[in-house]
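Visitor: I would like a quick tour of this model. Shall we take it piece by piece?

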Amino acid sequence: MDTKELLEENEAIMLADHDQANDDNFNGQASSIRLFDKLTLEDLTNLKERFKSTKSGCLSKKDLQNIFSEICPNLFDEEEFHCFYLKLNFKQTGKADWDEFLTYLMMEFEEKAKTTTKVPELVELPIVTPVKFIKSFHRHPIIRMTYCPTLDTDRKFNYQNGRYLTCSKDGFINYWNLDMVNEKTCYAKLPQSKMAANARVLDMVCMPDVNVVGVCSILRDLRFYDTAARKFELRVLVTDITWPITCLNYAFSQNIDEDSKLIMGDTAGSVFIMVFNSRERGPFTQKPGIDVTSMKFEAIVKDFQMLQFVHIHSDSVCQVQLNATNTFFSCATTPEASLLLCDVTRVRKPYVFNVPGLGVSCFAYDEDTHLLVTGGGDGLLRLWNPYVPQKNSGTCKKHDAKVCAITIQNDHHLIYSISKDRCLKVWDSRTKRCIRILTVSKDSTIIAWEPFIGRCLFTINHAHTRMELGESKDLPITTAEFDPSKVLLITGSNDGSMKVRVVDIHWISNRILVMTWRHILEFVYPEGTIVGKTWETKHTDDLTACAVCHPHAFVTATFNAQLIFWRLETGQSLKGFVVVDPEKGEK
């Protein structure tokens with residue numbers, strides 16, 4: 001079906017549904033003038049005949065204004081009609097045809113369909129404190145942040161007595177108190193004889209019942225550090241693992257007689273579970289006279305209880321989690337066996353979850369409500385019953401990038417998810433609706449919001465980029481301005497074609513004024529072409545601000561308190577003042 005047929009089909013649908021749509025309201029909320037709400041079926045038919053009656057099938061601005069004066073008098077004032085016509089004839093050809101008018105109505109109808117969504121009742125925001133930026137004291141990206149509780153004598157713990165640990169890919173681990181104040185920094189280093197240039201750490205795990213912190217690295221090793229009495233000393237080094245371990249998880253019981261379990265996933269899609277008694281400390285028992293116990297992975301498998309689930313995924317394991325029911329979850333970014341729920345004893349068959357496309361990159365499971373939430377590269381959050389893997393029970397739409405982590409807060413029926421573009425979203429697990437969005441981003445992103453219901457309408461990523469060493473890097477957007485019709489948006493970054501920072505932008509009729517630190521640039525676009533020129537430099541320091549008094553004047557201010565007035569039409573400087581001494585003027 002070509003564009004013409006598609007427009008005619010949508011025209012028929014809109015004309016048929018117009019009377020019913022005309023009765024819908026937006027719960028009394030103020031909105032801009034919508035022709036779809038004002039025009040009747042007879043008016044639309046009349047307008048179509050007027051368009052078709054002309055030889056070219058087009059109407060000029062004046063002709064269309066006269067028609068609207070006849071059909072709907074007092075619908076527009078002069079400024080409102082001018083803005084409407086610019087939106088209608090965004091190509092600025094001077095005349096609009098019926099197809100353009102129909103497209104405008106279709107856009108109105110789509111906008112109304114979005115905004116007529118019932119506004120949810122106001123609830124208490126899940127995050128009430130403002131976002132606080134904390135210096136991480138890491139030189140490289142943080143690959144894991146976890147809470148390490150302090151156990152009581154009866155092995156109980158709570159979230160009011162413990163520390164947070166952050167680990168970066170270079171092996172540095174920072175300890176933080178509950179107020180997120182850095183207490184100390186430790187380095188998960190290798191013995192001198194094992195030092196390597198590329199020893200990137202892939203994950204970290206805390207084992208509070210035995211006072212051990214473990215890390216795995218790309219060198220196919222496991223390192224366990226003794227943290228008792230505020231120490232951080234390497235005790236056990238496991239080498240020669242067949243494939244690098246990518247993720248770790250640990251579970252222990254309040255009953256000291258029950259076994260603790262350390263679960264590991266590797267790049268070959270296998271899962272290993274090391275089982276030991278925390279009273280005996282398993283492989284973490286320090287031997288007299290030996291500071292570091294070094295052993296091969298084969299010895300661990302032979303001398304200790306190691307459960308092996310080999311190649312249960314066809315790609316690297318992204319996340320593993322042990323459950324109280326003697327089961328575990330593991331996931332991978334593959335369309336088949338994307339997520340597995342396996343019985344540790346192998347008595348029951350595993351539950352296999354298949355997620356088409358990019359599989360599962362992360363998940364969260366609440367054992368009290370049996371709520372399972374998965375996230376993947378498509379940005380979708382899928383809700384599951386863990387014992388019904390055939391079909392998910394709900395979907396939360398959606399992130400604009402890969403979902404990196406998910407957390408469930410069952411007390412308030414909340415789901416927290418964060419994506420690779422540093423966007424945190426809070427969802428209501430009952431309604432599957434997003435109730436809060438927090439963006440912590442310095443990249444080149446433009447986000448459009450629906451102001452009444454707080455919903456993100458669309459996102460434009462990577463608006464400004466620069467190539468560095470063959471890699472595309474985002475640049476921050478420093479300014480943005482709409483054209484008079486509010487249809488087109490121009491943005492500026494700190495790296496333009498002249499490699500200077502854009503301070504401000506003004507869009508005036510058919511001209512764009514761009515103010516940088518040192519220059520005022522003017523771009524004129526008559527008949528589809530763009531012509532640029534630089535205004536004469538009159539200021540003696542960096543420009544910091546500007547303002548337009550349409551249609552005659554333009555004023556700029558500099559860092560050294562200099563104020564310069566310009567003739568907007570010609571770009572000629574009129575007069576300059578020094579703010580600290582306004583009586584002293586310059587011609």
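Visitor: At what angle do the axes of helix 3 and helix 4 cross?
Guide: This is a predicted model. Helix 3 covers residues 41-53 and helix 4 covers residues 61-71. Their axes come within 12 Å, and the crossing angle is roughly 150°.

Visitor: Is helix 3 roughly parallel or roughly antiparallel to helix 4?
Guide: The axes cross at roughly 150°. Angles over 145 degrees count as roughly antiparallel. Therefore helix 3 runs roughly antiparallel to helix 4.

Visitor: Is the crossing of helix 3 and helix 4 left-handed or right-handed?
Guide: Take the two axes that come within 12 Å. The crossing of helix 3 and helix 4 is right-handed.

Visitor: Which residues of helix 4 meet helix 3, and how do the residues of this contact divide by type?
Guide: Helix 3 brings Asp 43, Asn 46, Leu 47, Arg 50 and Phe 51. Helix 4 meets them with Leu 64, Ile 67, Phe 68, Glu 70 and Ile 71. By type, the contact residues are six nonpolar, one polar and three charged.

Visitor: Now the sheets. Which strands stand at the edges of the sheet with the order 3-4-5-6?
Guide: This open sheet has four strands with antiparallel pairing. Each edge strand has a single partner, so one of its sides is left without a neighbour in the sheet. The edge strands are strand 3 (142-149) and strand 6 (182-187).

Visitor: Which residue in strand 4 is the bridge partner of Ile 142?
Guide: Strand 3 pairs with strand 4 (residues 162-168) in the antiparallel sense, over seven bridges. Ile 142 has its bridge partner in strand 4, and that partner is Ser 168.

Visitor: By how much are neighbouring strands turned against each other in the sheet with the order 11-12-13-15?
Guide: This is an open sheet of four strands, paired antiparallel. Strand 11 (245-251) and strand 15 (305-309) each have a single partner strand, so they stand at its edges. With direction ignored, the average turn between neighbouring strands is 20°.

Visitor: Which residue in strand 12 stands opposite Ile 245?
Guide: Strand 11 and strand 12 (residues 259-266) form an antiparallel pair over six bridges. Opposite Ile 245, in strand 12, stands Asp 266.

Visitor: How much of the span 360-385 is strand?
Guide: An unreviewed UniProt entry places "repeat: WD" at residues 360-385 and 396-437. In the model, the end C-alpha atoms of residues 360-385 lie 16 Å apart. The span is 0% helix, and its strand share is 54%.

Key: Residues numbered from 1 in each chain as written. Predicted model: local features only at pLDDT ≥ 70, side-chain atom pairs only at ≥ 80, totals over all residues. Heavy atoms only, no water. Axes fitted to C-alpha atoms, helices over the stretch in contact; angles between N-to-C directions. Helix = DSSP H or I, 4+ residues; strand = E, 2+ residues; numbered from the N terminus. Parallel < 35°, antiparallel > 145°, perpendicular 65-115°, else oblique. Left-handed = near helix turned anticlockwise from the far one by under 90°. Contact = heavy atoms within 4.5 Å. Nonpolar A, V, L, I, M, F, W, Y, C, P; charged D, E, K, R; others polar. Pairing = 2+ DSSP bridges. UniProt positions renumbered as here; feature names shortened; annotations may be inferred.
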